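Biologist: Could you take me through one part of this model up close? I'd like to look at the ligand and whatever surrounds it.

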Amino acid sequence: MALLYVIKDWDADAWLGAMRALNPGIDLRSWPDAVGRAEEIRYALAWRPPAGALHRLANLQVIFSLGAGVDSLLAGGELPPVPIVRVVDRNLTMRMSEYVVLHVLLHHRRQRILDGQQQRRQWRGPQQPAACEVRVGILGFGHLGQDAGRRLRDLGFQVAGWSRSRKHVRGIQSFAGAGELKAFLNRTEILVSLLPLTPGTHGILNLALFRELARDGRLGAPILINAGRGKSQVEADIVAALDQGILQAATLDVFETEPLPPESPLWSHPKVTLTPHNAADSDPGAISRYVLTQIRRFEAGAPLQNVVDRNQGY
Ligand SMILES: NC(=O)c1ccc[n+]([C@@H]2O[C@H](COP(=O)([O-])OP(=O)(O)OC[C@H]3O[C@@H](n4cnc5c(N)ncnc54)[C@H](OP(=O)(O)O)[C@@H]3O)[C@@H](O)[C@H]2O)c1
């Protein structure tokens, strides 16, 4: 049994090293220089694989995505007809929840305003509502969204989630499907997007959507946090919404083009906090452990978990 790594943009050696540390005898190959005999490869571990890199693997059983999102994998050309398993892992989930809680609190506690006041040596506290007076809405209420939502709920925020199917999470209001999107937006002051990128979510974070957000909250104009995927947002609309006061502030971890081009107005916009797509990194040790567990289950005849629905695109 051999595992083939097909990794672009990440340090492949770190991934091979992490897997070897867990299982020293394991047969690891890497694309393109050390593929060896292709018919021996049963599992592929991929991140942004170049088109065609996974073809001609006659005995391939499963493709593992090394990240939670599979948009780049699915967009990279035709894939062999085997199951694709994505990452659902405590380590990654915790990282994303840290990020979401940090940035909801950053805006809720008005830290950017306080930073400016510190620079000007001003001793003045802006009016501070309690968390229970503030409504947070999470677009994409899946594994990551629900974990972050529970933590925000436990801090006292009024939390709602929007997903395709109805969810039942204690103390969190569930909105489902396109028909309930408007009602979800109308009650939301801080909007957090953790949506996967699919044809249904491409460009969804646009001016028309921002105009639907609640403007009657204690924080004033609404706030956007996007740590899902960059192509879900229309950056020109975010800038326009910030400049026109339709949005008060934005935290962005993901961008239409990554790395964010130096000429992007987002870099220096006073109402934007941005991070370089590092809200929830895939940790090679943690994710390798997850993949090994999945392979052992599969080899023992148990069903694979977290299999991607190719028709839905996530
Ligand atoms: N910035 C980072 O560092 C980073 C790191 C990891 C992941 N991510 C992003 O986070 C995304 C979410 O990860 P996850 O593990 O939470 O995925 P997930 O468990 O598959 O959750 C996705 C959620 O989005 C909902 N959804 C998808 N399409 C929709 C649509 N058209 N309308 C309404 N709801 C829709 C799904 O609804 P259902 O529940 O009804 O299916 C589900 O609730 C990933 O796809 C990736 O893009 C970013």
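Biologist: How many Å from an oxygen atom of the ligand is the polar side-chain atom of Tyr314?

Modeller: Keep in mind that this is a predicted model. In it, that polar side-chain atom of Tyr314 sits 2.5 Å from a ligand oxygen. Two arginines also put atoms by ligand oxygens: Arg229 does it with a polar side-chain atom, at 3.3 Å, while Arg164 uses a backbone N or O atom, at 3.1 Å. As for how wrapped up the ligand is, on its own it has 940 Å² of accessible area, and the protein covers 91% of that. If you want to know which elements do the surrounding, α3 (90-108), α5 (143-154) and β7 (158-163) each give two or more residues to the shell. There are 28 residues around the ligand, and the ones that come nearest are Arg86, Ser165, Lys167, Asp253 and Tyr314. Sorted by character, the shell has 14 nonpolar residues, nine polar ones and five charged ones.

While we're on β7, have a look at Ser163, which is found in that strand. Its relative accessible area is 10%, so Ser163 counts as buried, the cut-off being under 20%. And who are its partners from further along the chain? Once you set aside the neighbours within four places in sequence, Ser163 is in contact with Phe141, Phe175, Ala176 and Gly177.

Notes:
Residues numbered from 1 in each chain as written. Predicted model: local features only at pLDDT ≥ 70, side-chain atom pairs only at ≥ 80, totals over all residues. Heavy atoms only, no water. Near = heavy atom within 4 Å. Polar contact = N/O pair within 3.5 Å; in protein donor to acceptor, adjacent residues only side chain to side chain. Areas by Shrake-Rupley, 256 points an atom, 1.4 Å probe, with all protein chains shown as cover. Helix = DSSP H or I, 4+ residues; strand = E, 2+ residues; numbered from the N terminus. Nonpolar A, V, L, I, M, F, W, Y, C, P; charged D, E, K, R; others polar. Buried < 20%, exposed > 50% of the residue type's maximum accessible area, 1.4 Å probe, protein only. Contact = heavy atoms within 4.5 Å.
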